[in-house]
Amino acid sequence: MKNKGIIFILSGLLLIAAAFLLTGYNIYDEYRAKCSARQALDEIRIEEQDEEEQEDEPEIPDYILNPDMEMPVQRIDGVEYIGVLQIPSLNLELPVVSSLSPLNLKIAPCRYEGSAYKDDLIIAAHNYVSFFGNLSKLQVGDPVIFKDVDGNEFSYEVAEMEVLQAAAVEEMRSGDWDLTLFTCTLSGQSRTTIRCLRMNI
C-alpha cells in the first residue's frame, strides 16, 4: 500500500514537472517567433512610391492591369515575404511569408492562399500574443493594412468575426471577403477568423 502511494506521488510530480517544461517551451517558442518576425520586419525593404510621380500623372500599378499576376516576394535568410501586415488596434506590425508551412508559421504570419490583387487574400498565424493571439479582440470597423513589397497599400476594415472548426477548409475560403485572418483558439479545436472588406478600391 505504501509503494502505491509513493508511485502516485512520483507520478503527480512528474506530471507537474512536464507541465512546467511545456509551459517554459511555449514561452521560449513565442519569444523566438517574436524575435524572428521583428528581424524580418527590420530587413524588409518596401518600395516607396515616388511622390512627384503621384502628383503628375499617377502610374497605374501592374496589379491593376494584371490582377492574376503573382505577388512579388523579397527573400530574407532563405524565406520569401510578400509584404507587411498592420493591425493598429492590436499594435501589430508583422511581416507576411509567401507560403504556409509548419516551419514558416514559427517565423511569421503566412499567406494561406489568395492574393491582395484579387481581393481574396487569407493569412494564417500562430496564436502567439505577438502574432494573432489577440484577434478575437478586434471590433467591426477596426482598420487593417497590408503593404506589398512593391509599396502598394491595401486598406481594409474588419467586417465580421467567426469561429470555424479546425477542419472547415471550405468555410474558410467561402464568402466574398477581401482579406481573411485566422488563428487557432487555445484548445486548437477551432479557428478564430476575422473577415475584412477593402476600403480603397
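**A walk through the predicted model**

Glu 113, Glu 170 and Arg 173 are linked in a network of salt bridges, where a salt bridge is a side-chain nitrogen of Lys or Arg within 4 Å of a carboxyl oxygen of Asp or Glu. The structure that holds this network is a predicted model, in which local features need pLDDT of at least 70 and side-chain atom pairs count only at pLDDT 80 or more, while totals for chains, interfaces and linings use all residues. Residues are numbered from 1 along each chain as its sequence is written, and side-chain values use heavy atoms, with hydrogens and water left out.

Before the network is followed further, the chain as a whole deserves a look. The secondary structure of the protein chain comes to 5 helices and 9 strands, these being DSSP runs numbered from the N terminus (helices H or I, at least four residues; strands E, at least two). From the N terminus on, the elements are ordered α-α-α-β-β-β-α-β-β-β-β-α-β-β. Of the 201 residues of the protein chain, 37% count as buried; buried stands for under 20% relative accessible area, exposed for over 50%, and partly exposed for what is in between (1.4 Å probe, protein chains only). Among the contacts in the protein chain with a separation of 6 or more, 59% come from residues 24 or more positions apart, a contact being heavy atoms within 4.5 Å.

In soluble globular proteins, nonpolar side chains tend to be buried together. A nonpolar core is here a set of buried Ala, Val, Leu, Ile, Met, Phe, Trp, Tyr and Cys residues joined through side-chain atoms within 4.5 Å. The largest one has 30 residues, and those with the most contacts inside it are Leu 85, Ile 87, Phe 132, Val 144, Phe 146 and Leu 181. Two or more residues of this core come from each of several elements, including α1 (2–43), β2 (79–87), β6 (143–148) and β8 (179–184). Apart from the largest core lies another, of 13 residues, among them Ile 46, Val 79, Val 97 and Ile 107.

Which residues does Phe 132 touch, not counting residues up to four places away in sequence? Its partners include Leu 85, Ile 87, Leu 94, Pro 109, Ile 123, Leu 181 and Phe 182. A polar residue can be looked at in the same way: Asn 104 lies in helix α4 (residues 102–105) and is buried, with a relative accessible area of 13%. With residues up to four places away in sequence again not counted, Asn 104 touches Val 79, Val 97, Ser 99 and Cys 110.

The salt bridges can now be taken up again, and by the rule given above the count comes to 7. In the one between Glu 113 and Arg 173, the closest N and O atoms are 2.9 Å apart. Glu 113 lies in strand β4 (residues 110–113) and Arg 173 in helix α5, so the pair ties together parts that are 60 residues apart in sequence. Glu 113 counts as partly exposed at 27% relative accessibility, and Arg 173 counts as partly exposed at 39%. Arg 173 also meets Glu 170 in a salt bridge (3.1 Å, N to O); these two are 3 residues apart in helix α5 and are therefore separated by about one helical turn. Glu 170, at 52% relative accessibility, counts as exposed.

Another salt bridge joins the side chains of Asp 119 and Arg 198 (2.8 Å, N to O). Asp 119 lies in the loop between β4 and β5 and Arg 198 in strand β9, so this pair ties together parts that are 79 residues apart in sequence. Are Asp 119 and Arg 198 buried or exposed? Both residues are buried. Asp 119 has a positive phi of about 55 degrees although it is not a glycine. Asn 91, also not a glycine, has a positive phi of about 55 degrees; Asn 91 is placed in the loop between β2 and β3 and counts as exposed, at 72% relative accessibility.

Empty space is the last topic. The second largest pocket is lined by 15 residues, of which Leu 100, Ala 124, Phe 182, Cys 184 and Arg 191 lie nearest its centre. A pocket is an open set of points on a 1 Å grid over the protein atoms alone, where a 1.4 Å probe fits, with protein on both sides within 12 Å along at least five of seven lines, and lining residues have an atom within 4 Å of a point. Strand β8 gives the most to this lining, with 3 residues.
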